[in-house]
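User: Please take a close look at one helical part of this structure and tell me what surrounds it. I am in my first year, so please explain the terms as you go.

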Amino acid sequence: MHLLRKLAIAANVLFVLWIFYNGLNEGWKGTPPEIASYVGLALLLLLNSYLLFEK
């Protein structure tokens, strides 16, 4: 696996963890669209990581 692919996967996973950490830290007190956008972004980043890993 190429170095840039590994770095992209690591950055995606780190960003997802940061999103969930901030959500837990705030107690998930946001508007429903805000929470949906956080979850949607996390899912897209995880999908991107999976696709990079499986390529």
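Analyst: Let's start with a term: a residue is buried under 20% relative accessible area, exposed over 50%, and partly exposed in between (1.4 Å probe, protein chains only). This is a predicted model, where local features need pLDDT of at least 70 and side-chain atom pairs count only at pLDDT 80 or more, while totals for chains, interfaces and linings use all residues. Residues are numbered from 1 along each chain as its sequence is written, and side-chain values use heavy atoms, leaving out hydrogens and water.

Our part is helix 1, covering residues 3-26. Helices here are DSSP runs (H or I, at least four residues), numbered from the N terminus. The 24 residues of helix 1 should span 34 Å at 1.5 Å a residue, and its end C-alpha atoms are indeed 34 Å apart. That expected span is 1.5 Å times one less than the number of residues.

Now look at which residues are hidden. In helix 1, R5, I9, N12, V16, I19 and G23 are buried. An α-helix has 3.6 residues a turn, so residues three or four places apart point the same way. The buried residues of helix 1 pack against helix 2, with contact meaning heavy atoms within 4.5 Å. Helix 2 takes in residues 32-54, 23 in number, and reaches 33 Å from its first C-alpha to its last, close to the expected 33 Å. Its buried residues include A42, L45 and S49, and helix 1 is part of what covers the buried residues of helix 2.

R5 deserves a pause. Although R5 is buried, it has no salt bridge, and the nearest side chain of opposite charge, E54, is 9.7 Å away. A salt bridge needs a side-chain nitrogen of Lys or Arg within 4 Å of a carboxyl oxygen of Asp or Glu; Lys and Arg count as positive, Asp and Glu as negative, and His and the chain ends are not counted. Leaving aside residues up to four places away in sequence, R5 touches L52 and K55.

Other residues of helix 1 are less covered. L17 counts as exposed because its relative accessibility is 54%, yet its C-alpha is 8.6 Å from that of A42, 25 residues away in sequence. V13 is partly exposed, since its relative accessibility is 35%, and its C-alpha lies 8.8 Å from that of A42, with their places 29 residues apart in sequence. F15 is partly exposed because its value is 32%.

F15 also belongs to a surface feature. Together with W18, Y21 and L41, F15 forms a nonpolar patch with about 420 Å² of accessible area. Helix 1 gives the largest share of this patch, three residues. Patch members have over 30% relative accessible area and no salt bridge, with nonpolar side chains (Val, Leu, Ile, Met, Phe, Trp, Tyr) joined within 5 Å and like charges within 9 Å. Areas come from the Shrake-Rupley method with a 1.4 Å probe, and for residues only the protein chains shown count as cover.

Finally, see how the helix ends. Helix 1 is followed by G27, whose phi is positive, near 75°. W28, in the loop between helix 1 and helix 2, has a positive phi near 55° although W28 is not glycine. Most residues other than glycine have a negative phi. W28 is partly exposed, because its relative accessible area is 31%.

Terms used. Helices (H or I, at least four residues) and strands (E, at least two) are DSSP runs, numbered from the N terminus.
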